[in-house]
Amino acid sequence: MKKFIAVTGGIGCGKTTVIEQVKELGYPVFSCDKIYHQILECPDYIRDIKENFNNVVVNGRIDRSALRELVFESQEAREKVNALAHPRIMAKLFSLMRDCEGDLAFAEVPLLFEGNYQKDFDGVIVVLRNISARIKAICERDGGDEETALQKIRAQFDYESKENLRKLQTEEIRIIRNDGAKEELKYQVEKAIEFFL
C-alpha cells in the first residue's frame with residue numbers, strides 16, 4: 001500500500017532543497033505552494049476572496065502581493081484565507097498523490113502542523129535549521145530585511161520550542177537538521193526514506 005509522506009519545517013529551513021533531493025532519488029514529489037498558485041486562478045476561489053476581502057481582487061484577478069500583505073499583517077485575515085485555501089489545496093494534493101506511481105509519495109506541506117494535517121499522512125519529515133541561516137535564506141529569497149524575516153518566522157509554528165519538539169518525538173516523524181553540507185543533508189534524506197520504506 002502506498003504511503004504519503006509530508007515534508008515540512010519553518011520558513012527558510014530548506015524544505016524545497018529536501019524535496020529536490022527526494023525527487024533526484026526517483027520519488028514522486030508534490031508542492032502545496034505550486035498547487036496554491038493554480039488555485040489562485042480558479043474562478044470560485046477568486047469569488048470567495050473577493051467576497052471576504054476588499055481591494056484584493058483587481059480586474060478579476062487576485063493581487064497576490066496585496067493578499068500576502070493582508071495575511072502577513074492580520075492573524076484574522078490569515079485564518080480566513082487558510083480556511084478558504086487549505087481544503088482546496090489538500091483535496092488536489094491527495095488526488096495527485098493517489099494517482100502517482102510508486103510505494104512512496106512525498107509532499108512539501110509548509111503549514112502541516114498549523115492546519116493539523118499531519119494526521120492525514122503516514123509519515124512526516126521535519127526540516128530544522130539554525131535561526132541565523134534561516135534569516136539569511138529568507139532575506140536572500142525575498143529581498144527584505146532581518147526584522148521582516150524574523151516576523152515571518154514568528155508567524156509560523158515554532159518547531160524549536162521545547163513543547164513542540166516533544167510533540168515531534170513520535171514514531172511517524174523523522175527530524176532532519178539542515179545545518180551542514182548538502183551531502184550531509186542528502187544522507188539524512190536517504191536515511192529518512194529508508195525508514196518509511
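This text walks through the nonpolar cores, the salt bridges and the aromatic contacts of a predicted model.

Start inside. The largest nonpolar core has 41 residues. Those with the most contacts inside it are Tyr45, Ile49, Ile62, Leu93, Met97, Phe113 and Phe121. Several elements supply at least two residues each. Among the helices these are H2 (32-39), H3, H4 (64-73) and H5. The strands are E1 (3-8), E5 (104-108) and E6 (123-128). Helix H5 gives the most to this core, with nine residues.

Methionine 97 shows what such a core residue touches. Leaving aside residues up to four places away in sequence, methionine 97 contacts Lys2, Phe4, Ile5, Phe30, Ala105, Phe106, Ala107 and Phe121. Two of these names return in an aromatic cluster, which is formed by Phe4, Phe94 and Phe121.

Another core lies apart from the 41-residue one. This other core has 17 residues, including Ile125, Leu185, Val189 and Ile193.

Now turn to the charges. The structure holds 15 salt bridges. One network of them links Asp44, Arg47, Asp48, Glu51 and Arg88. Take two of its pairs in turn.

In the pair of glutamate 51 and arginine 47, the closest N and O atoms are 3.9 Å apart. The bridge cut-off is 4 Å, so this pair counts. Both residues belong to helix H3 (residues 43-52). They are four residues apart, so about one helical turn separates them. Glutamate 51 is exposed, at 59% relative accessible area. Arginine 47 is partly exposed, at 45%.

The pair of arginine 88 and aspartate 48 has an N to O distance of 2.7 Å. This bridge links distant parts of the chain. Arginine 88 sits in helix H5 (residues 75-99) and aspartate 48 in helix H3, 40 residues apart. Is aspartate 48 buried or exposed? Aspartate 48 counts as buried, because its relative accessibility is 13% and the limit for buried is under 20%. Arginine 88 is partly exposed, with 23%.

A further bridge lies in helix H9 (residues 182-196). There the side chains of glutamate 194 and lysine 191 meet, at 3.4 Å from N to O. The two are three residues apart, so the separation is again about one helical turn. Glutamate 194 is partly exposed, with a relative accessible area of 48%. Lysine 191 is also partly exposed, at 39%.

The aromatic rings come next. The count comes to eight aromatic pairs. One of them joins phenylalanine 195 and phenylalanine 196. Their ring centres are 5.3 Å apart, and the planes make an angle of 80°. Planes over 60 degrees apart count as edge-to-face, so this pair is edge-to-face. The two neighbours have unlike surroundings: phenylalanine 195 is partly exposed, at 34%, whereas phenylalanine 196 is buried, at 3%.

Which charged residue sits over the ring of phenylalanine 195? The charged end of arginine 174 does, 3.7 Å from the ring centre. Phenylalanine 195 therefore takes part in an aromatic pair and also lies under a charge, with a partly exposed side chain. A second case of a charge over a ring involves lysine 80 and phenylalanine 53. Here the charged end lies 5.9 Å from the ring centre. The cut-off for this distance is 6 Å, so the contact counts.

Notes
Residues are numbered from 1 along each chain as its sequence is written. This is a predicted model: local features need pLDDT of at least 70, side-chain atom pairs count only at pLDDT 80 or more; totals for chains, interfaces and linings use all residues. Side-chain values use heavy atoms; hydrogens and water are left out. Buried means under 20% relative accessible area, exposed over 50%, partly exposed in between (1.4 Å probe, protein chains only). Rings of Phe, Tyr and Trp (its six-membered ring) pair if their centres lie within 6.5 Å; planes under 30 degrees apart count as stacked, over 60 as edge-to-face and the rest as tilted. A charge sits over a ring if NZ of Lys or CZ of Arg is within 6 Å of the ring centre and within 35 degrees of the ring normal. A nonpolar core is a set of buried Ala, Val, Leu, Ile, Met, Phe, Trp, Tyr and Cys residues joined through side-chain atoms within 4.5 Å. Contact means heavy atoms within 4.5 Å.
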